[in-house]
Amino acid sequence: MEKNLDIKNAIDRLSLQEAKQLLTLIMSQLDMVERNSNAKIDLYQNLQNVYEKLLHVPPHQNSIWEPNDAAAKVHIVFGDSFAGSLKYVIRQLGIENTHKMISFRDQFMIGPLWQLHEEAGRAHRMEWLKDHINYEVDDDDWDYDAYHQSIMEQIGQIPTEASIVIWSGNNAHDQIGLRYALYLLREKPNDIFVFDAVEACERTFYTSDQSLQYLHAGEIPPEKLQSVFRDIEDHRSLDIETRKLLEHEWLSLADQHNVLRIWDGERIVNVEENYFDSYLLKTIEKLHADRQNRDFIKAARVIGEALGHCDQLIGDSYLEYRLRQLIYNQSLEIKGIPRSMRSYSVRRRLEDHRC
C-alpha cells in the first residue's frame, strides 16, 4: 500500500511533457515486442526498471535537463520516446549534473518543413498538423513558436566548453532532425558528435542466432542503451565541412513543400502524401484473410499491424490520417466516428474486393 502511494506521488510530480515521454517509452517497448519475439524476455525487466526508477525521481525536476554552466555534455534528441530512455540511463549513471538534454518534440518525417526555421514556416506547419493529424491527446495548448523559442534559449545556454552529442539514426525523422539541429547550432563553436545508438547496439549485441531490428533509438531497452552509452567517446567530432554540408541540406529541405519523407538507406527522399495508402489497404486485406471474414476491423488494429511490419519509421498518427483519407475517397467503409483510432472500424468496400 505504501509503495502504491509512493508511485502515485511520483506520477503526480511528473510534468505533462515527462508523462508523455514515459508513456511513449512504454508504448515503444510494447511495439518492439510485437515486431521481435526475442524482445519478450526483456520486457518485464525493462518496465520494472522504469517503475523502480520512477519511485526515485526527485520533485521539481523540470529544469534539471536544461543546459547550464555545469554542463560538460549536451545531448540533442528527437522524440519523447528516446528522450525518456536517455534520461533514465543518465540518471542510472549518476551524471545528470553534468549531462544535459535538449529534446525536439517534432515528427520530422511528416508535415511541411517549408521555412520551419522562420515564424511563417512554423505557423504553416502547425496549421497543417491541426488540419490533418488527429492527435489523441489535447495539443491545442502547444504554442509552436513558444516551443521553438524554448529550443533556441536552451541552445543559447550551452557553454562553449561543453561538447554536443546529436543522437541520430538511419531513419528520416532522425536524419532531418540532425540537419535542422546543426542549422540551429551553426553559430556554436562547440565540438559536435553524431551518435547512432541503433547501429552501436547492433554492433555490440548482434549474434548469429539473434538479430536486432530497431527502427529508432526509442525502441532500445534501457540496459542496452546504457551499455553503448560510453561508445560516444570513441567518435570523432564533425569537421567544419561536414557541418556546413548538412546545414545546407537543411536549407534544401526547408525549401520544399512536401509533407512526407522516407529514408532510403542513404538519403532523405520526398514522397507523395499517399505513399502508404496501398500498404494500408494490403494490411487490411491480410487481416481479413487471417480472420477468414470481411467484418469491420478496429482502426487501431489496422494501424498497429501496419506499424509492426513497416520498414520505415512512421508515426501512428500519420497512418491514421491516411486511413481517414481512404474512407473519404471511398476505398474503405467505416463504422463509428473517427474521433480517434480506437473509436471506429474499417473494412474494404465489398464491391471493390478482388480475390
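This passage describes aromatic pairs, charges over rings and strand pairing in a predicted model.

We may begin with the aromatic side chains. A search of the whole structure returns 13 aromatic pairs. One of them joins Phe104 and Tyr180: the ring centres lie 6.0 Å apart and the planes meet at 65°, so the arrangement is edge-to-face, the class for planes over 60 degrees apart. This pair brings together distant parts of the chain, since Phe104 belongs to strand S2 (residues 99–104) and Tyr180 to helix H7 (residues 172–184), with the two positions 76 residues apart in numbering. Both Phe104 and Tyr180 are buried. The two residues also take part in one aromatic cluster, whose other members are Phe78, Phe108 and Trp250.

Charged side chains also meet aromatic rings. The charged end of Arg186 is placed over the ring of Tyr183, 4.0 Å from the ring centre. In a second case, the charged end of Lys224 lies over the ring of Phe205, at 5.3 Å from its centre.

Strand S2, which carries Phe104, deserves a closer look. The strand is mostly covered, with six of its six residues buried. In a regular strand, side chains alternate between the two faces of the sheet. In S2, His99, Met101 and Ser103 point one way, while Lys100, Ile102 and Phe104 point the other way; residues of both sets are buried. The neighbour of S2 is strand S1 (residues 73–78), joined to S2 in parallel by six bridges. Within this pairing, Val77 is found opposite Ser103 of S2. Between the two strands the chain passes through helix H4 (residues 80–93), and the resulting β-α-β crossover is right-handed.

Further along the chain, the pairing takes another form. Strands S7, S9 and S8 make up an open sheet of three strands, in the order S7-S9-S8, with antiparallel pairing. S7 (297–298) and S8 (332–336) are the edge strands, each pairing on one side only. Five bridges connect S8 with strand S9 (residues 344–348) in the antiparallel sense, and one partnership across these strands is that of Leu332 with Arg348 in S9. Helix H13 (residues 316–328) packs on this sheet, where the helix touches both S8 and S9. The direction of H13 makes an angle of about 60° with that of S9.

Notes
Residues are numbered from 1 along each chain as its sequence is written. This is a predicted model: local features need pLDDT of at least 70, side-chain atom pairs count only at pLDDT 80 or more; totals for chains, interfaces and linings use all residues. Side-chain values use heavy atoms; hydrogens and water are left out. Rings of Phe, Tyr and Trp (its six-membered ring) pair if their centres lie within 6.5 Å; planes under 30 degrees apart count as stacked, over 60 as edge-to-face and the rest as tilted. Helices (H or I, at least four residues) and strands (E, at least two) are DSSP runs, numbered from the N terminus. Buried means under 20% relative accessible area, exposed over 50%, partly exposed in between (1.4 Å probe, protein chains only). A charge sits over a ring if NZ of Lys or CZ of Arg is within 6 Å of the ring centre and within 35 degrees of the ring normal. Two strands pair if DSSP finds at least two bridges between them. A crossover is right-handed if, with the strands pointing away from the viewer, the path from the first strand over the helix to the second runs clockwise. Contact means heavy atoms within 4.5 Å. Axes are lines fitted to C-alpha atoms, for helices over the stretch in contact, and angles run from 0 to 180 degrees between N-to-C directions.
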